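I opened this notebook to record, entry by entry, what I looked up in the structure shown below.

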Amino acid sequence: MNIPDWEKKMIEKIEESDNTEAKKVLKTILSYDSGAEMITDEKVEELQAAIDALQDIKVSTRKSLHRKLKFMVEGDGKNLSSWEEHFISKIDSSDNEEAKELLRRIQSIEGNETEENVKDIEHAIKYAKFPSDWEANFERKLRILKKRTERAISDNFGSLIKHLRERKGYTLDDMYVATGISSSYINRIEKGERKSPSVKVISKLAAALDIDYKDLLNVANPENESTELQPLEEHLLSTNYTVGGVRLGKKSKEKLVDIISKINNSSWDQKKHLEAIEIMDAIEQYKNSLK
């Protein structure tokens, strides 16, 4: 197995240190990477939390542990993890043509996974006859392919979580205390990097952020997003909403739209000082409309 330089450095740093907890986490990750046992989503979240909880460890080493865990679980469609390389080697050196053909089919779709071609692979695995350990590894590979086809949660979801968190004055660590969900996991949700958080996770976030669970679940679902794009100004003028807990009336909406229009229409070149004054004046008019 050709181990990347960043992974080698991470392993060396941890093994040469006196940090027994970091060594324990690394040992667990590498044991799963060997393919001896299939890792569950629950175990992944447990390891993410364990990495976040490590003390006396450099930020770069912590990031490398998260990177190793993510690569081991999801892969990247290009490079092979240890268990994959070992599994492929076993199939290639065998006389099992059925397994070789299935492996070729899997490799042919990697990087271009769709729900349809992944379902075809799933069907082939279901009706194939392989040794139990091979079947387990094909199932593991199937899970990786499925993860790549999962629809990401709506971009609005992560932005809303960050907004609600900051409005309450919570740090990511505060959210960990309130929900039991690792701060790195929540951070990835906010960045839109975490796909399909479970209903249980969304429920915990809703409780911590004092928002109705059903409302948060609705925002998370990409299918609830309108496919028709409406100009922001029209949206602000035609819907009802609050800002800072205050419901905006007709006049305040118009003043808010005026601010956005002035910002959007500004050239921001040599005249930017004059444009800045106009924008500041529009902001003052908006603030006065709220009184």
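I began with D258, which counts as partly exposed because its relative accessibility is 27%; in this notebook buried means under 20% relative accessible area, exposed over 50% and partly exposed in between, with a 1.4 Å probe and protein chains only. The model is a predicted one, in which local features need pLDDT of at least 70 and side-chain atom pairs count only at pLDDT 80 or more, while totals for chains, interfaces and linings use all residues. I also noted that residues are numbered from 1 along each chain as its sequence is written, and that side-chain values use heavy atoms, with hydrogens and water left out.

I then looked up the partner of D258 and found K262, the two side chains meeting in a salt bridge at 3.2 Å, N to O; the term stands for a side-chain nitrogen of Lys or Arg within 4 Å of a carboxyl oxygen of Asp or Glu. Both residues lie in helix α15 (residues 250-265), four residues apart, about one turn of the helix, where helices (H or I, at least four residues) and strands (E, at least two) are DSSP runs numbered from the N terminus. K262 is partly exposed, because its relative accessibility is 29%.

I asked myself how many salt bridges the rule gives. The count comes to ten, and I followed two others.

In helix α6 (residues 97-109) I found R104 and E101, three residues apart, about one turn of the helix. Their closest N and O atoms are 3.1 Å apart, and they form a salt bridge. R104 is partly exposed, with a relative accessible area of 45%, and E101 is partly exposed as well, at 37% relative accessibility.

Next I turned to K168 and D210, whose side chains meet in a salt bridge at 2.7 Å, N to O. This pair links distant parts of the chain, 42 residues apart, with K168 in the loop between α9 (155-167) and α10 (172-179) and D210 in the loop between α12 (199-209) and α13 (213-220). Is D210 buried or exposed? D210 is exposed, because its relative accessible area is 60%, whereas K168 is partly exposed at 32%.

My last residue was K287, found in helix α16 (residues 272-289) and partly exposed at 47% relative accessibility. The C-alpha atoms of K287 and K255 are separated by 8.7 Å, although the two are 32 residues apart along the chain.

For the whole protein chain I wrote down 16 helices and two strands, and I noted that buried residues make up 35% of its 291 residues.
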